[in-house]
Amino acid sequence: YLFFKDAFKVLEPETVLLDNWHIEYLCNILQKETERIARKEPKTSDIVINIPPRSLKSKIVTIIWNAWIWTKYPYMKIISSSYGYDLSILHALDTRRLIESEWYQSLFGHMFKLESDQNVKSRFQNDKKGERRSTSVGGSITGEGADIAQVDDPTKVQESNSKLSLDTANEWWTKTMYSRLNDQEIGLRVVI
């Protein structure tokens with residue numbers, strides 16, 4: 001939670017954070033689950049986050065949590081997705097921008113270094129074997145694995161009542177993304 005508040009200032013220096021109880025609540029759940037994965041303890045469930053738009057859920061989960069994970073567990077692998085490739089890439093860029101920031105590097109730069117030969121918008125790795133991969137709903141991730149698989153907005157808001165859009169997202173989730181965890185009993189799926 002404290003990391004989130006400082007990281008938010010780095011990513012949004014001109015924006016005043018309107019703190020609310022749900023921010024600390026989500027941060028605590030994500031920290032607890034990350035630490036459980038690191039201890040290799042079985043999970044009791046995956047996570048679905050269903051809160052209104054503009055509640056900072058993407059900033060908390062898809063951007064800042066991904067950067068926080070590597071401050072303690074730089075070996076973890078994350079696959080992140082969204083309904084659109086552009087949005088998925090935007091989230092990845094914000095995560096990488098945070099990692100490369102002077103603030104982050106001054107505190108955690110000794111933990112890992114980004115690999116220069118695998119540091120593109122859709123996929124970056126560090127020298128401790130950690131990886132953050134981005135894709136879109138419907139995109140290919142065959143052969144890829146992760147400790148955490150997350151999807152942030154599996155459908156566009158405008159298409160949330162479209163049977164075709166919902167069926168497409170559900171089919172991709174069940175036939176592709178759902179099986180991407182390296183360890184099905186320990187890894188975590190997060191749907192926003």
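Q: In this predicted model, what is the handedness of the crossing of α2 and α3?
A: Let's start with who is touching whom. On the α2 side the contact is made by Ile23, Leu26, Cys27, Leu30, Gln31, Thr34 and Glu35, and on the α3 side by Ile60, Val61, Trp65, Trp68, Ile69 and Lys72. Where these two helices cross, the handedness is right-handed.

Q: How many residues in the contact of α2 with α3 are nonpolar?
A: Sort the contact residues by class and you get three piles. Two of the residues are polar and two are charged. The nonpolar pile in this contact holds nine.

Q: Are α2 and α3 oblique or roughly parallel to each other?
A: Helix α2 covers residues 21-38 and helix α3 covers residues 57-72, and their axes sit 11 Å apart. The angle between them is about 45 degrees. Roughly parallel would need an angle under 35 degrees, and roughly perpendicular starts at 65. That angle therefore makes α2, relative to α3, oblique.

Q: Is Leu30 buried or exposed?
A: Leu30 belongs to helix α2. Leaving out residues up to four places away in sequence, Leu30 touches Ile47, Ile60, Val61 and Trp65. Its relative accessibility is 3%, and the cut-off for burial is under 20%, so Leu30 counts as buried.

Q: What distance separates the C-alpha atoms of Leu30 and Val190?
A: Along the chain, these two are 160 residues apart. In space, the gap between their C-alpha atoms is 9.7 Å.

Q: Which residue's side chain makes a polar contact with the side chain of Thr62?
A: Thr62 sits in helix α3, and with 0% relative accessibility it counts as buried. Skipping residues up to four places away in sequence, Thr62 touches Lys57, Ser80, His91, Thr95, Arg132, Gln150, Asp152 and Ile192. The side-chain polar contact, at 2.7 Å, is with Asp152.

Q: How are α1 and α3 oriented: roughly perpendicular or roughly parallel?
A: The axes of α1 and α3 are 10 Å apart, and the helices pack at an angle of about 110 degrees. Angles from 65 to 115 degrees fall in one class. That puts α1, with respect to α3, at roughly perpendicular.

Q: How many nonpolar residues are in the contact of α1 with α3?
A: From α1, the residues are Phe3, Phe4, Ala7, Phe8 and Leu11, and they meet Lys59, Ile60, Ile63, Ile64, Ala67, Trp68 and Thr71 of α3. The crossing here is right-handed. By class, this contact has one polar residue, one charged residue, and a nonpolar count of 10.

Q: Which residues of α4 does α1 meet?
A: Helix α1 (residues 2-11) and helix α4 (residues 85-100) have axes that come within 10 Å and cross at roughly 100 degrees. The two helices are therefore roughly perpendicular. Their contact has five nonpolar and two charged residues, with no polar ones. On the α1 side we find Phe3, Ala7, Val10 and Leu11, and on the α4 side Asp94, Arg97 and Leu98.

Q: What is the phi of Arg54, roughly?
A: Most residues other than glycine have a negative phi. Arg54 isn't a glycine, yet its phi is positive. You'll find Arg54 in the loop between β1 (47-48) and α3, where it is exposed, with a relative accessible area of 83%. Its phi is about 65 degrees.

Q: Is Leu56 buried or partly exposed?
A: Leu56 lies in the loop between β1 and α3. Its phi is positive too, near 70 degrees. The relative accessible area of Leu56 is 23%, and buried would mean under 20%, so Leu56 is partly exposed.

Q: Which residues does Ser136 touch, not counting those up to four places away in sequence?
A: Ser136 is part of strand β5 (residues 131-136). With a relative accessible area of 14%, Ser136 is buried. The residues it touches are Ser82, Tyr83, Gly84, Tyr85 and Trp172.

Q: How far apart in space are Asn170 and Glu102, C-alpha to C-alpha?
A: Asn170 is in helix α6 (residues 163-175) and is partly exposed, with a relative accessible area of 48%. In sequence, Asn170 and Glu102 are 68 residues apart. In space, C-alpha to C-alpha, the separation is 40 Å.

Notes:
Residues numbered from 1 in each chain as written. Predicted model: local features only at pLDDT ≥ 70, side-chain atom pairs only at ≥ 80, totals over all residues. Heavy atoms only, no water. Axes fitted to C-alpha atoms, helices over the stretch in contact; angles between N-to-C directions. Helix = DSSP H or I, 4+ residues; strand = E, 2+ residues; numbered from the N terminus. Parallel < 35°, antiparallel > 145°, perpendicular 65-115°, else oblique. Left-handed = near helix turned anticlockwise from the far one by under 90°. Contact = heavy atoms within 4.5 Å. Nonpolar A, V, L, I, M, F, W, Y, C, P; charged D, E, K, R; others polar. Buried < 20%, exposed > 50% of the residue type's maximum accessible area, 1.4 Å probe, protein only. Polar contact = N/O pair within 3.5 Å; in protein donor to acceptor, adjacent residues only side chain to side chain.
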